[in-house]
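Colleague: Got a minute to go through this model with me? I'd like the fold, the pocket and the aromatic rings.

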Amino acid sequence: MRNLTLPDLRAGLLDLFHHRDEALKATQTGKLYGPILAAKRKAIEHHEDAAGRPVGDLTEADAHHDGLGAAIWHYTEAVLSHPFVSDEQRASARRIREAFIRDLGVLSDSYAEEAAAAKQNRPKLAELEADLRAAPTPDGKTLYDWASAFVDHGDKLAQLLSGRGQATGFEYFRQQTALRVTTLGLLGRFRAALRDELVEHPHLPRDLDERIFGGFDELSQKRADAKEKRS
């Protein structure tokens, strides 16, 4: 995979999350590396026109947004899974989850999609304020504070996306190189760890490596074939 370009990686990650998500989640290694690669995918998708502000600003805002979203989802999951909470508390948790984060998959959406969702979620803070304020959180606040921060960071993504200009040629190239190198490194470590997991757990399907990395391998082979033809 070392011959893959940044557009190749973007295409491979799109294929991974759209068509190979089930295989990705079938192993502990996939569950670990999936969210990390999802963040890389977003950074790559917006690299070409994410100038003016460093890509790091977008990834930092996105990391905060996704972390808060995951926290809200897991909070509601705890309430819904607990055998002794009241029906009222369970119904409140369902309303909150349905309004803000139906499943963790939405945290793999693009920056633009998450920014648009934040705009839609803003009125829900008022609609569900009673439910949110009735849910205390470990930091001494309530779920209202978490949900407000979640929406705020979605709005911040929108501001960063709309406020960026055109990067200088050198800065653009530097960002491009950094994204390519770090993404290739992650994929390499992911594949090595996956193979270790398959050795340790022989009950797992033997074709998981191919099912997860098949798209990248096809892209790599096409890149190699094109190079051979030019030679």
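What follows is a chat about the fold, some buried residues, the rings and the pocket.

Colleague: Before we start, what kind of model is it, and how are residues numbered?

Modeller: It's a predicted model, where local features need pLDDT of at least 70 and side-chain atom pairs count only at pLDDT 80 or more, while totals for chains, interfaces and linings use all residues. Residues are numbered from 1 along each chain as its sequence is written, and side-chain values use heavy atoms, with hydrogens and water left out.

Colleague: Fine. How many helices and strands does the chain have?

Modeller: Ten helices and zero strands. Those are DSSP runs numbered from the N terminus, with helices being H or I of at least four residues and strands E of at least two. The pattern along the sequence is α-α-α-α-α-α-α-α-α-α.

Colleague: And what does the C-alpha trace span?

Modeller: About 70 × 50 × 25 Å along the principal axes.

Colleague: How much of the chain counts as buried?

Modeller: 43% of the 231 residues. Buried means under 20% relative accessible area, exposed is over 50% and partly exposed is in between, using a 1.4 Å probe and protein chains only.

Colleague: What about contacts between residues 24 or more positions apart?

Modeller: They account for 75% of the contacts with a separation of 6 or more. A contact means heavy atoms within 4.5 Å.

Colleague: Let's look at single residues. Where is Ile 101, and is it buried or exposed?

Modeller: Ile 101 sits in the loop between α5 (87-100) and α6 (111-127). It is buried, with a relative accessible area of 1%.

Colleague: What does Ile 101 touch?

Modeller: Leaving out residues up to four places away in sequence, Ile 101 touches Gly 69, Ala 70, Ile 72, Trp 73, Ile 96, Val 106 and Leu 107. For Ile 72, the C-alpha atoms are 7.7 Å apart, with the two positions 29 residues apart along the chain.

Colleague: Next, Leu 184. Which helix is that in, and what does it contact?

Modeller: Leu 184 is in helix α9 and buried, at 4% relative accessible area. Not counting residues up to four places away in sequence, it touches Met 1, Arg 2, Leu 4 and Leu 9. Leu 184 and Asp 196 are twelve residues apart in sequence, and their C-alpha atoms are 19 Å apart in space.

Colleague: What about helix α3? Which residues can you tell me about there?

Modeller: Thr 29 is in α3, and so is Ala 43. Thr 29 is buried at a relative accessible area of 10%, and Ala 43 is buried at 3%. Beyond its neighbours within four places in sequence, Thr 29 is in contact with Phe 190, Ala 193, Leu 194 and Glu 197. Ala 43 and Tyr 111 are 68 residues apart along the chain, with C-alpha atoms separated by 8.6 Å.

Colleague: Phe 190 in that list takes us to the rings. How many aromatic pairs are there?

Modeller: Four. Rings of Phe, Tyr and Trp (its six-membered ring) pair if their centres lie within 6.5 Å; planes under 30 degrees apart count as stacked, over 60 as edge-to-face and the rest as tilted.

Colleague: What's the geometry of Tyr 75 and Trp 146?

Modeller: Edge-to-face, at 6.2 Å centre to centre with 85° between the planes. Tyr 75 lies in helix α4 and Trp 146 in helix α8 (residues 143-163), so the pair ties together parts 71 residues apart in sequence. Trp 146 is buried, at 15% relative accessible area.

Colleague: And Phe 190 with Phe 213: why is that pair called tilted?

Modeller: Because the planes are at 55°, with the ring centres 5.1 Å apart. The pair links helix α9 (residues 169-200), which holds Phe 190, with helix α10 (residues 208-230), which holds Phe 213, 23 residues apart. Both are buried, and they form one aromatic cluster with Tyr 33 and Phe 216.

Colleague: Last topic. What's the volume of the largest pocket?

Modeller: About 580 Å³. Of the 26 residues that line it, Gly 34, Pro 35, Leu 104, Gly 105 and Ser 108 are the closest to its centre. On a 1 Å grid over the protein atoms alone, a pocket is an open set of points where a 1.4 Å probe fits, with protein on both sides within 12 Å along at least five of seven lines; lining residues have an atom within 4 Å of a point. Points are joined across faces, edges and corners, and the volume is the space filled by probe spheres set on them.

Colleague: Which helix gives the most to the lining?

Modeller: α3, with eight residues.
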